[in-house]
Amino acid sequence: MKQKIVIFVRTINWEYTVTGIVLGMVAFGLFVLYDLNSVLWKRRWMHPSFLTGCVLLLLSTVLQICSALKTVQINVSFIIFFVLALISFGLMIYTLFFALPFEKTYMETDEKPQVYDQGMYALCRHPGVLWFFFFYLFLGLALRPSHMLRNGMIYSLLNLFYIIMQDFWTFPKTFADYGTYKEKTPFLIPTRVSVRRALRRKLIK
């Protein structure tokens with residue numbers, strides 16, 4: 001009986017892992033679709049694809065957390081890493097949805113937006129990617145021995161490919177003076193100069 005329960009739990013965990021990977025890949029496909037639409041087609045009905053992708057990625061993560069919590073041990077290590085994951089998640093949400101004017105960034109296609117280089121976006125050109133990586137890193141460490149860490153790193157790799165596309169193709173075509181922004185702001189890793197500039201411009205308003 002005990003062996004059957006173990007096999008059942010492993011089966012459920014595997015199904016959630018596969019589902020998580022598939023949903024994650026679909027989510028990033030929607031992110032790419034959002035960029036393509038923003039530059040090429042400008043169809044208003046397709047513009048919420050970014051938000052839809054976020055919902056799918058969140059659903060994928062929640063499914064995997066629910067699966068992992070069946071086997072994870074709640075101890076000091078779990079609490080520390082889980083709190084760090086929550087902090088990283090909060091910073092990521094702030095960076096993506098509150099540090100930028102939401103409607104002009106995610107819900108409109110008829111105007112060419114200006115580059116926003118204040119706060120978090122003075123640190124580097126893609127600060128949300130940093131918090132995304134740390135969120136899945138800490139979450140995966142908290143939920144060991146589940147597959148969350150591995151899947152989170154897969155998501156982070158997909159995210160890296162996505163922002164490379166944005167940096168070289170999408171943003172130069174959709175944002176005014178993006179070339180100037182690239183010259184003065186690092187791609188992903190903050191520098192001493194960019195940290196000082198971000199602090200002068202209020203990292204979190």
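This passage describes the fold, helix H3, the aromatic pairs and the surroundings of selected residues in a predicted model.

The protein contains nine helices and zero strands, and its pattern along the sequence reads α-α-α-α-α-α-α-α-α. Of the 205 residues in the protein, 43% are buried. Among contacts with a separation of 6 or more, 78% join residues that lie 24 or more positions apart. The accessible surface amounts to about 11700 Å², and carbon and sulfur atoms contribute 70% of this area.

Helix H3 spans residues 76-98 and includes Ser-88. Ser-88 is classed as buried because its relative accessibility of 5% falls under the 20% limit. Apart from its neighbours within four places in sequence, Ser-88 is in contact with Trp-131, Phe-134, Phe-135 and Phe-138. Leu-84 is also located in helix H3, but this residue is partly exposed, with a relative accessible area of 31%. Leu-84 contributes to a nonpolar surface patch of about 720 Å², together with Leu-69, Ile-74, Val-76, Ile-79, Ile-80, Val-83 and Ile-87.

Aromatic pairing was examined over the whole structure, and the search yields 18 aromatic pairs. One of them joins Phe-81 and Phe-138, whose rings are stacked at 6.4 Å centre to centre with 20 degrees between the planes. Because Phe-81 belongs to helix H3 and Phe-138 to helix H6 (residues 127-142), this pair ties together parts that are 57 residues apart in sequence. Phe-138 has a relative accessibility of 17% and therefore counts as buried. A contrasting geometry is found for Phe-133 and Phe-134: the ring centres are 5.4 Å apart and the planes lie at 65 degrees, so the pair is edge-to-face. Both members of this pair are partly exposed, Phe-133 with a relative accessible area of 32% and Phe-134 with 30%.

Ten aromatic residues are joined in one aromatic cluster, namely Phe-28, Phe-31, Tyr-34, Phe-50, Phe-89, Phe-132, Phe-135, Tyr-136, Tyr-155 and Tyr-162. Phe-135, a member of this cluster, is also one of the residues in contact with Ser-88. A further arrangement involves a charge and a ring: the charged end of Lys-182 sits over the ring of Phe-168, at 4.8 Å from its centre.

Helix H7 covers residues 148-174 and contains Leu-157. With a relative accessible area of 45%, Leu-157 is partly exposed. The C-alpha atom of Leu-157 lies 9.0 Å from that of Phe-133, although these two residues are 24 residues apart along the chain.

His-126 is placed in the loop between helix H5 (120-123) and H6. Despite this loop position, His-126 counts as buried, as its relative accessibility is 5%. When neighbours within four places in sequence are left aside, the residues in contact with His-126 are Ile-163, Gln-166, Asp-167, Phe-171, Tyr-178, Phe-187 and Leu-188.

Definitions and conventions:
Residues are numbered from 1 along each chain as its sequence is written. This is a predicted model: local features need pLDDT of at least 70, side-chain atom pairs count only at pLDDT 80 or more; totals for chains, interfaces and linings use all residues. Side-chain values use heavy atoms; hydrogens and water are left out. Helices (H or I, at least four residues) and strands (E, at least two) are DSSP runs, numbered from the N terminus. Buried means under 20% relative accessible area, exposed over 50%, partly exposed in between (1.4 Å probe, protein chains only). Contact means heavy atoms within 4.5 Å. Patches are made of residues with over 30% relative accessible area and no salt bridge: like charges are joined within 9 Å, nonpolar side chains (Val, Leu, Ile, Met, Phe, Trp, Tyr) within 5 Å. Accessible areas come from the Shrake-Rupley method with a 1.4 Å probe; for residues, only the protein chains shown count as cover. A salt bridge is a side-chain nitrogen of Lys or Arg within 4 Å of a carboxyl oxygen of Asp or Glu. Rings of Phe, Tyr and Trp (its six-membered ring) pair if their centres lie within 6.5 Å; planes under 30 degrees apart count as stacked, over 60 as edge-to-face and the rest as tilted. A charge sits over a ring if NZ of Lys or CZ of Arg is within 6 Å of the ring centre and within 35 degrees of the ring normal.
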